[in-house]
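Please read the points below with the model open beside you, and look up each residue as it is named. They are meant to be taken in order.

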Amino acid sequence: MTERENEMTGDRAPALPPVVERAAFHEELEALHEREKAHTREDDAIAAARRRLPVVEMPADLELTGPDGPVTLLDAFEGRRQLIAYYFMWHPGHPAAEQCEGCTWVTSQVRELSYLHSRDITYAVFCQGPYEESRRYRDFMGWENVPWYSALPSQETLLTGRHVGMMHLVCYLRDGDRVFETYWTTRRGVEAMDYSYALMDLTVYGRQELWEDSPSGWPHVQRTDDDALRLRSGGRPIPQWARVESGHSDALTR
């Protein structure tokens, strides 16, 4: 294991759960499965309530910047009926290593869009920074399949009543030439985009974060003051290392 891999995995304490016979294991697991089923049913109920929320109309002609220049919010639907937009935080003039690790984390998870398209949904990134500079970050990260726009021309209106400069996941509905906002979330709500943490949650050691309710002696990832979410390694967002090692430059300004 390399030094950087050791840094990423952190302290692996030898603590283990109790060891029992399979019958006792199945008994405990079945009890947990019942709680999981209840959680799933509650999640379904919340999703049903989300589908019944009222909506607010948005100006369909709000300007975004795309690869060919100005486009509208309506254009970003690409003809589909629904749009999910992730508002990517941005630090103007900074190299790739200094861009948002949280936004890099969730955006890295969204790769295959065909299932969304099959339900008449477009997914796109609305970056809260200038188009050319942020597009170079998209290219650096290898996200070429994801539609990418700059929200700068209209982000104050697009994020009315919310904190500009924070990660947001927003859902829109199109009815002809009219556009409606139907839902938004931020902070841990954007974990809906992620599978890595969901898989970690299934394992015995979980996410290995200090805030988790884990038994004494369970391993946790070492972190620094500027790395509170543990989404960085060696001074840059974790998924960037593969791009750097394959020869990509993280200089985003020209």
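1. A convenient place to start is a single backbone position: G142, which comes just after helix 5, takes a positive phi of about 80 degrees. Please keep in mind throughout that this is a predicted model, and that the values quoted in this note were computed from that model.

2. Turning back to the helix itself, helix 5 covers residues 131-141 and is mostly covered, since nine of its eleven residues are buried. The buried residues of helix 5 are Y131, E133, S134, R135, R136, Y137, R138, F140 and M141. You will see that this list holds residues such as E133 and R135 as well as Y137 and F140, and several of these names return in the points that follow.

3. Which residues of helix 5 meet in salt bridges? The side chains of E132 and R135 do so, with a distance of 3.0 Å from N to O, and these two residues lie three apart in helix 5, about one turn of the helix. D139 also forms a salt bridge with R135, where the closest N and O atoms are 2.5 Å apart, and here the two residues of helix 5 are four apart, again about one turn of the helix. Salt bridges that share partners join E132, R135, R138 and D139 into one network. As background, side chains of opposite charge can pair when their charged atoms come close.

4. The members of this network should not be given one description as regards burial. R135 and R138 are among the buried residues of helix 5, whereas E132 has a relative accessibility of 41% and therefore counts as partly exposed. D139, at 22% relative accessibility, counts as partly exposed too, because buried means under 20%.

5. A salt bridge is also found in helix 2, where the side chains of K37 and E34 meet at 3.4 Å from N to O. K37 and E34 both lie in helix 2 and are three residues apart, about one turn of the helix. K37 counts as partly exposed because its relative accessibility is 42%, and E34, at 43%, counts as partly exposed as well. For the model as a whole, the count comes to eight salt bridges.

6. The aromatic residues deserve a separate look, as the count comes to 13 aromatic pairs. In one of them, the rings of F88 and W90 have centres 6.4 Å apart and planes at 55 degrees, so the pair is tilted. Both F88 and W90 are buried. The rings of F88 and W143 have their centres 6.0 Å apart and their planes at 55 degrees, so this pair is tilted as well.

7. What does the pair of F88 and W143 tie together? F88 lies in strand 4 and W143 in the loop between helix 5 and strand 6, so the pair ties together parts that are 55 residues apart in sequence. F88 counts as buried because its relative accessibility is 0%, and W143 counts as buried at 0% too. Ring pairs also link a wider cluster made up of Y86, F88, W90, Y137, F140, W143 and W148, and of these Y137 and F140 are among the buried residues of helix 5.

8. The largest pocket has a volume of about 1400 Å³. Of the 29 residues that line the largest pocket, the closest to its centre are L32, E36, D201, L202 and T203. The lining of the largest pocket divides into 14 nonpolar, five polar and ten charged residues.

9. The second largest pocket has a volume of about 800 Å³ and is lined by 27 residues, of which R50, I84, I121, C171 and Y183 lie nearest its centre. The residues of this lining divide into 18 nonpolar, five polar and four charged. Helix 2, strand 4, helix 4, strand 5, strand 7 and strand 8 each supply at least two residues of the lining of the second largest pocket, and strand 7 gives the most, with five residues.

10. Finally, two of the residues named for the second largest pocket, R50 and Y183, can be examined together. The charged end of R50 sits over the ring of Y183, 4.9 Å from the centre of that ring.

Terms used: Residues numbered from 1 in each chain as written. Predicted model: local features only at pLDDT ≥ 70, side-chain atom pairs only at ≥ 80, totals over all residues. Heavy atoms only, no water. 1 Å grid on protein atoms, 1.4 Å probe; cavity = no way out; pocket = protein on both sides within 12 Å on 5 of 7 lines; lining within 4 Å. Points joined across faces, edges and corners; volume = space filled by probe spheres on them. Nonpolar A, V, L, I, M, F, W, Y, C, P; charged D, E, K, R; others polar. Buried < 20%, exposed > 50% of the residue type's maximum accessible area, 1.4 Å probe, protein only. Phe/Tyr/Trp six-rings, centres within 6.5 Å; stacked < 30°, edge-to-face > 60°. Lys NZ or Arg CZ within 6 Å of the ring centre and 35° of its normal. Salt bridge = Lys/Arg side-chain N within 4 Å of Asp/Glu carboxyl O.
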